[in-house]
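Welcome, and please open your viewer. This tour goes stop by stop, telling you what to select and what you will find there.

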Amino acid sequence: MTHVTRDVLSLDRLIAEVAAPTFGGTCVFLGTVRNGPDEQGVTAIEYSAYEDMVEAEFGRLLADARGRWPEARIAVRHRLGTIPVGEASIAIVAAAPHRALAFEACRYVIEGVKQRIPVWKKELRVDGSEVWVDPAGHPTAKPSHV
Amino acid sequence: MPATVRVRFFARYAELMGRSEATVSLSLPATVGDVVRRLREDFPGAGALPERPLAAVNMKHVKLDARVQDGDEVALLPPIAGG
């Protein structure tokens, strides 16, 4: 199982991976590239990663989640490469017999991604500048070439 | 006892170092912090790295006081920004 891709994310595929007749709730989280009021003309984000460790750490994170919610099934993909504004960079699908478990498991995984999965992003802006983003989601003070 | 570790750099750290990896030799026992100190001594770009970066050894997050062994892969990780 690979947890990274350079292709457009397919929710249908992820939902199919976790679907089961005994599951009454499926929670989907999509993280998308944005250009909101706090960004400065972002056109895309370039995602890079320590890919071997991403796979290993996703394995550990999902094992942790399965330990907490053994009844749930969880699928996750992180997209790498240059992703335009509006497209998804990560998709998490958690299915469980009841909705509460599905929501909890899905939230656990995305929060774990933010803390543990070695992925980095560089904003590509309309003025041609490129800026690394810090973990709080804000650009670093210095441009990337400094 | 001498040891050689492979050190990998990613994202902004790779830009600061001007390279994506380096080889560091040092005497055992040694820690990840020792590897960082050696890098800062031996590589000009390493002075711009934080003194206490996030780190991994053999693809597991570790603290800087974690021991390294001959043949380990040490990674210095910029603040994680996935998702």
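Two strands pair if DSSP finds at least two bridges between them. Helices (H or I, at least four residues) and strands (E, at least two) are DSSP runs, numbered from the N terminus. This is a predicted model, where local features need pLDDT of at least 70, side-chain atom pairs count only at pLDDT 80 or more, and totals for chains, interfaces and linings use all residues. Residues are numbered from 1 along each chain as its sequence is written, while chains are lettered from A and ligands numbered from 1 in the order in which they are written.

**Stop 1: the sheet of chain B**

Select strand S1 (residues 2-9) and strand S7 (residues 73-77) of chain B: these two run parallel and are joined by 4 bridges. Now click on Arg8(B); opposite this residue, in S7(B), stands Ala75(B).

Which strands make up the open sheet in chain B, and in what order? There are 5, in the order S2-S1-S7-S4-S5, and their pairing is mixed. At the edges you will find strand S2 (21-27) and strand S5 (60-62) of chain B, each paired on one side only. On average, neighbouring strands of this sheet are turned by 35° against each other, direction ignored (axes are lines fitted to C-alpha atoms, for helices over the stretch in contact, and angles run from 0 to 180 degrees between N-to-C directions).

**Stop 2: all of chain B**

Select the whole of chain B, which has 2 helices and 7 strands. Following the sequence, you meet them in the pattern β-α-β-β-α-β-β-β-β. The C-alpha atoms fill a box of roughly 40 × 30 × 20 Å along the principal axes. The radius of gyration of chain B is 12 Å, which agrees with the value near 12 Å for a compact globule of 83 residues. That radius is taken over C-alpha atoms, and the globule rule is 2.2 Å times the number of residues to the power 0.38.

Of the 83 residues of chain B, 34% count as buried. A residue is buried if 20 or more other C-beta atoms lie within 10 Å of its own, exposed if 12 or fewer, and partly exposed in between, with C-beta atoms placed from the backbone.

**Stop 3: all of chain A**

Switch to chain A, with its 3 helices and 8 strands. Along the sequence the pattern reads β-α-β-β-α-β-β-β-α-β-β. The C-alpha trace of chain A spans about 50 × 25 × 25 Å along its principal axes, and 37% of its 146 residues are buried. Look at contacts between residues at least 6 apart in sequence: in chain A, 72% of them join residues at least 24 apart. Two residues are in contact if their C-beta atoms, placed from the backbone, lie within 7 Å.

**Stop 4: strand S6 of chain A**

Is S6(A) mostly covered or mostly open? Mostly covered: 8 of its 9 residues are buried. S6(A) pairs in the antiparallel sense with strand S2 (residues 25-32) of chain A over 8 bridges, and in that pairing Ala88(A) is the bridge partner of Thr32(A). S6(A) also pairs in the antiparallel sense with strand S4 (residues 73-79) of chain A, over 6 bridges. Here Arg73(A) has Ala95(A) as its bridge partner.

Stay on Ala95(A), which counts as buried because it has 26 C-beta neighbours inside 10 Å. Leaving aside neighbours within four places in sequence, its contacts include Val18(A), Phe23(A), Gly25(A) and Ala102(A). Cys106(A) lies 11 residues from Ala95(A) along the chain, and their C-alpha atoms are separated by 8.6 Å.

**Stop 5: helix H3 of chain A**

For a contrasting view, pick Gln115(A) in helix H3 of chain A. Gln115(A) is exposed, because 12 other C-beta atoms lie within 10 Å. Its C-alpha atom and that of Arg125(A), 10 residues away along the chain, are separated by 26 Å.

**Stop 6: where the chains meet**

Finally, show both chains. How many residues does each give to the contact? Chain A gives 24 residues and chain B gives 15. On the side of chain A that touches chain B, H3(A) gives the most, with 5 residues.
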